[in-house]
Amino acid sequence: MNPNKRNYKRVLNLMALFILTCNLIQAQQFNLINKESSLTVLGTSSLHDWHITAEQQSGKIIFKNLETGDIDKCTVDIAVESLKSGKSSMDKNTYKALKSNSYKTISFQLIEVKETSSKGNGKFTVKADGDLTISGVKKRIPLEFTLSIVGNKITLTGEKKIKMTDFKVDPPKALLGTITTGDDITIKFSTIFK
């Protein structure tokens with residue numbers, strides 16, 4: 001066989017392998033679907049319990065191994081001024097407390113997966129550590145969530161309790177301070193990636 005033809009065949013084979021590898025790597029990355037995802041913050045106040053919902057989220061999840069639920073990277077960003085309670089005065093107090101003029105997003109970045117336990121049928125329990133950044137303050141937090149893999153759809157569900165003051169956020173007040181918000185909040189999420 002002509003040496004030029006042999007080299008040409010090798011180059012074609014390498015290109016085919018490169019394209020196949022790129023497609024496999026790409027298939028392991030999924031993007032957050034805002035319309036299907038939900039994130040709600042629940043809290044208390046001296047008047048009544050309250051909740052606020054994120055209307056704008058973005059992010060991605062990348063797997064080392066999809067079949068075993070082995071997550072490599074995961075990021076979620078929430079637009080602060082997309083947090084809505086249905087009451088404009090409460091929303092304004094929330095944005096002020098979160099310093100939304102300076103800090104436009106709340107972000108979570110997965111740092112380390114500690115344990116992934118298979119529950120069968122593409123469901124896993126994941127224990128991980130990640131960096132949560134609120135109002136420019138970054139804290140490493142433990143997070144446990146359920147991972148569900150069905151076809152090309154990845155669902156992460158869970159909840160996390162945090163204190164606002166841990167992130168240097170003063171719990172909002174209303175009516176000249178007569179209504180005060182509790183420091184403890186619970187974040188509930190169902191995050192969909194495709």
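User: How many helices and strands does the protein have?
Analyst: This is a predicted model. Its secondary structure includes the helix α2 (88–97). The protein as a whole has 2 helices and 13 strands.

User: In what order do the strands of the open sheet of 11 strands lie?
Analyst: The sheet is open, with antiparallel pairing. Two strands, β1 (29–31) and β6 (83–84), each pair on one side only, which puts them at the edges. The order is β1-β4-β5-β7-β8-β9-β10-β13-β2-β3-β6.

User: How many bridges join β7 to strand β8?
Analyst: Strand β8 covers residues 123–134 and runs antiparallel to β7. One facing pair is Val113 and Ala128, the latter in β8. The two strands form a hairpin with 2 residues between them. The number of bridges is 11.

User: Which residue in β7 is the bridge partner of Ile78?
Analyst: Strand β5 spans residues 70–79 and β7 spans residues 105–120. They run antiparallel and are joined by 5 bridges. The partner of Ile78 in β7 is Ile106.

User: Which residue in β13 stands opposite Ile154?
Analyst: Strand β10 takes in residues 153–163, and β13 takes in residues 184–193. Their antiparallel pairing extends over 10 bridges. Opposite Ile154, in β13, stands Phe193.

User: Is Asn121 buried or exposed?
Analyst: Asn121 lies in the loop between β7 and β8. Its phi is near 55 degrees, a positive value in a residue other than glycine. Exposed requires over 50% relative accessible area. Asn121 has 78% relative accessibility, so Asn121 counts as exposed.

User: Why does Lys99 count as partly exposed?
Analyst: Lys99 sits in the loop between α2 (88–97) and β7. Its phi is positive, near 55 degrees, and the residue is not a glycine. Partly exposed is the range between the buried cut-off of under 20% and the exposed cut-off of over 50%. Lys99 falls in that range because its relative accessibility is 36%.

User: What is the relative accessible area of Phe167, a buried residue?
Analyst: Phe167 is placed in the loop between β10 and β11 (173–174). Leaving out residues up to four places away in sequence, Phe167 touches Leu132, Ile134, Val137, Lys139 and Ile162. Buried means under 20%. Phe167 meets that cut-off because its relative accessible area is 2%.

User: How far apart in space are Phe167 and Thr133, C-alpha to C-alpha?
Analyst: In sequence, Phe167 and Thr133 are 34 residues apart. Phe167 also touches Leu132 and Ile134, among others. The C-alpha to C-alpha distance between Phe167 and Thr133 is 7.9 Å.

User: Which residue's backbone oxygen lies 2.7 Å from a polar atom of the side chain of Ser82?
Analyst: Ser82 is found in the loop between β5 and β6. Ser82 is buried, with a relative accessible area of 8%. Not counting residues up to four places away in sequence, Ser82 touches Thr53, Ala54, Glu55 and Gln56. The backbone oxygen at 2.7 Å belongs to Ala79.

User: What share of the contacts with a separation of 6 or more comes from residues 24 or more positions apart?
Analyst: One pair of residues far apart in sequence is Phe167 and Ile134, which touch. Across the protein, the share from residues 24 or more positions apart is 58%.

User: What percentage of the accessible surface belongs to carbon and sulfur atoms?
Analyst: Buried residues make up 36% of the 194 residues. The accessible surface of the protein comes to about 12,000 Å². Of that surface, the part belonging to carbon and sulfur atoms is 54%.

Methods:
Residues are numbered from 1 along each chain as its sequence is written. This is a predicted model: local features need pLDDT of at least 70, side-chain atom pairs count only at pLDDT 80 or more; totals for chains, interfaces and linings use all residues. Side-chain values use heavy atoms; hydrogens and water are left out. Two strands pair if DSSP finds at least two bridges between them. Helices (H or I, at least four residues) and strands (E, at least two) are DSSP runs, numbered from the N terminus. Buried means under 20% relative accessible area, exposed over 50%, partly exposed in between (1.4 Å probe, protein chains only). Contact means heavy atoms within 4.5 Å. Accessible areas come from the Shrake-Rupley method with a 1.4 Å probe; for residues, only the protein chains shown count as cover. A polar contact is a pair of N or O atoms within 3.5 Å; within protein, one must be able to donate a hydrogen and the other to accept it, and residues adjacent in sequence count only if both atoms are side-chain atoms.
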